[in-house]
Amino acid sequence: MVSLRFKDRVVLISGGAGGMGQAHARRFAAEGAQVVIADLNEGAGCALADDLGANATFVHLDVTSEQSWSDTVAHAENSFGPIAVLVNNAGIVGGGAIDEMEPSLFRDIMEINHTGAFLGIRAVCPSMKKAGGGSIINVSSVTGLAPVPALAAYSASKHALVGLTKVAALDLAKYGIRVNCVNPGIIDTAMLGDVDAIAPRRQPIPRIGKPDEVTNIVMFLASDEASFCTGAAYVVDGGFLAVVGDAA
């Protein structure tokens, strides 16, 4: 029997049209949530919303735009009501060592992965206060806990997202808003691209992870089962950090 632990709760997912975001959206919908899929990819987002039915809607979101976030929150409230859960899932990856990376690429990655999450948190706060509290889950990365060569901007943005999570948890606790982050390892999504085939073999669990395995942690943190959890980073990495070392 499927749990309906999110029945009538409004869940907003940035980057919700594909990859891990799509997996999160499907699970939330299956557990009774009213899901707002926010993404730049209108075609994939609308198709997913149609597939999920009346309790899902798509809205175009540019996470780097304060106005776009404001419009997205308004769309969510007009469609379903105050937001109870925000999953800051949108992000991009780009390679390059510090001495080789173009500053413009570094800024773009930081703007989407870090500033975008800040704008999302700021935008949903009034709505969550109306809802009587809520849960914010920021999707970081294992590279936000331990550095990886040639990922200067990505790793920096994900480290910054962990720090933002902790500060937001302190600032928003008085409103009944919990803030946590999830730090996935190597997960099978389109963003993954070409990965060193040996890398998963270095892990205690020697394979690439599945989006649903990250969704399991997201669902827990969004639920009342995590009522005493805030300001923390939850790793889903097959033991990757146990090999490379946790530098947090």
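## Burial and overall dimensions

In this predicted model, buried residues account for 50% of the 248 residues in the protein chain. The C-alpha atoms occupy a box of roughly 45 × 40 × 40 Å along the principal axes. Of the contacts in the protein chain with a separation of 6 or more, 67% join residues that lie 24 or more positions apart.

## Secondary structure

The protein chain contains seven helices and seven strands. Along the sequence these elements follow the pattern β-α-β-α-β-α-β-α-β-α-β-α-β-α. The radius of gyration of the protein chain is 17 Å, close to the 18 Å given by the globule rule for 248 residues, so the chain is as compact as a globular protein of that length.

## Packing of helices α1 and α6

Helix α1, formed by residues 19–30, packs against helix α6, formed by residues 211–222. The angle between the two is about 55°, and their axes are 9 Å apart. Angles under 35 degrees count as roughly parallel and those from 65 to 115 as roughly perpendicular; α1 and α6 are therefore oblique to each other. The crossing of α1 past α6 is right-handed.

On the α1 side, the contact is made by Gly19, Met20, Ala23, His24, Arg27 and Phe28. The α6 side contributes Pro211, Asp212, Val214, Thr215, Asn216, Val218, Met219 and Ala222. By character, the residues of this contact comprise eight nonpolar, four polar and two charged.

## Ser157 in helix α5

Ser157 is located in helix α5, which spans residues 152–172. Its relative accessible area is 0%. Because buried means under 20% relative accessible area, Ser157 is classed as buried.

When neighbours within four places in sequence are set aside, Ser157 is in contact with Ile109, Met110, Asn113 and His114.

## Ser79 in helix α3

Ser79 belongs to helix α3, which comprises residues 66–79. With a relative accessible area of 36%, Ser79 is partly exposed; this category lies between the limits of under 20% for buried and over 50% for exposed.

Ile109, one of the residues in contact with Ser157, also serves as a reference point for Ser79. Ser79 and Ile109 are 30 residues apart along the chain, and their C-alpha atoms are separated by 31 Å.

Technical notes:
Residues numbered from 1 in each chain as written. Predicted model: local features only at pLDDT ≥ 70, side-chain atom pairs only at ≥ 80, totals over all residues. Heavy atoms only, no water. Axes fitted to C-alpha atoms, helices over the stretch in contact; angles between N-to-C directions. Helix = DSSP H or I, 4+ residues; strand = E, 2+ residues; numbered from the N terminus. Parallel < 35°, antiparallel > 145°, perpendicular 65-115°, else oblique. Left-handed = near helix turned anticlockwise from the far one by under 90°. Contact = heavy atoms within 4.5 Å. Nonpolar A, V, L, I, M, F, W, Y, C, P; charged D, E, K, R; others polar. Rg over C-alpha atoms; globule rule 2.2 N^0.38 Å. Buried < 20%, exposed > 50% of the residue type's maximum accessible area, 1.4 Å probe, protein only.
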